[in-house]
Amino acid sequence: MASLNYQKHCLTEPVLPSIMFGGVFSALDTMRGIPFTPQGVVVYVGGIYVYSALQCPMEAMSGGRKSWMHNVLSGGTLGYLGVQSGRMGIPFVGSRFLYRYPQLSPPMVAFAVYGGMGGLFAAIGGKPF
């Protein structure tokens with residue numbers, strides 16, 4: 001399953017959905033009053049594409065089988081790296097939580113939150129475990 005054709009398909013399949021949803025999220029930002037910028041669109045499109053593309057090697061290692069765990073690992077990895085680099089925040093978690101539990105670093109919490117969101121959406125979408 002890790003053939004060149006499989007990888008090509010896996011890496012090209014998310015291009016159009018990434019562009020579409022990147023545009024939708026940018027439009028939602030604009031409706032909320034955030035100024036429209038081409039860089040903002042690129043960040044959304046790129047982030048969605050990378051989220052999907054990170055799942056390709058995991059699918060190849062599991063014989064082409066899709067799993068919501070791939071979404072957990074992809075979302076968690078992007079959340080970890082985004083917070084570690086200072087480019088993303090952690091949704092649903094207040095700063096008091098991090099003060100209350102200093103043994104949890106913000107990137108670790110981001111991995112759990114973003115990975116949980118990815119897994120939840122995949123499970124709702126019908127991906128098997």
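**Exercise 1.** Work out how H3 and H5 are oriented to each other in this predicted model.

*Solution.* Start with the geometry: helix H3 (residues 38-53) and helix H5 (residues 68-84) pack at about 140°, and their axes are 8 Å apart. Angles under 35 degrees count as roughly parallel, over 145 as roughly antiparallel, 65 to 115 as roughly perpendicular and the rest as oblique. H3 and H5 are therefore oblique to each other. As for handedness, the H3 and H5 crossing is right-handed.

A word on the ground rules: the model is predicted, local features need pLDDT of at least 70, side-chain atom pairs count only at pLDDT 80 or more, and totals for chains, interfaces and linings use all residues. Residues are numbered from 1 along each chain as its sequence is written, and side-chain values use heavy atoms, with hydrogens and water left out.

**Exercise 2.** Find which residues of H3 and H5 meet, and sort them by type.

*Solution.* Look for contacts (heavy atoms within 4.5 Å). From H3 come Gly47, Val50 and Tyr51; they meet Asn71, Ser74, Gly75 and Leu78 in H5. Sorting this H3 and H5 contact gives three nonpolar, four polar and no charged residues; Gly counts as polar here.

**Exercise 3.** Track down the disulfide and describe it.

*Solution.* Searching the whole structure for cysteine sulfur pairs within 2.5 Å turns up one disulfide. That disulfide joins cysteine 10 to cysteine 56, S to S 2.0 Å. The torsion about their S-S bond is about -105°, so the disulfide is left-handed. Cysteine 10 sits in helix H1 (residues 4-12) and cysteine 56 in helix H4 (residues 55-61), so the pair ties together parts 46 residues apart in sequence. Both cysteine 10 and cysteine 56 are buried (under 20% relative accessible area, 1.4 Å probe, protein chains only).

Note on methods. Axes are lines fitted to C-alpha atoms, for helices over the stretch in contact, and angles run from 0 to 180 degrees between N-to-C directions. Helices (H or I, at least four residues) and strands (E, at least two) are DSSP runs, numbered from the N terminus. A crossing is left-handed if the near helix is turned anticlockwise from the far one by less than a right angle, and right-handed if clockwise. Buried means under 20% relative accessible area, exposed over 50%, partly exposed in between (1.4 Å probe, protein chains only).
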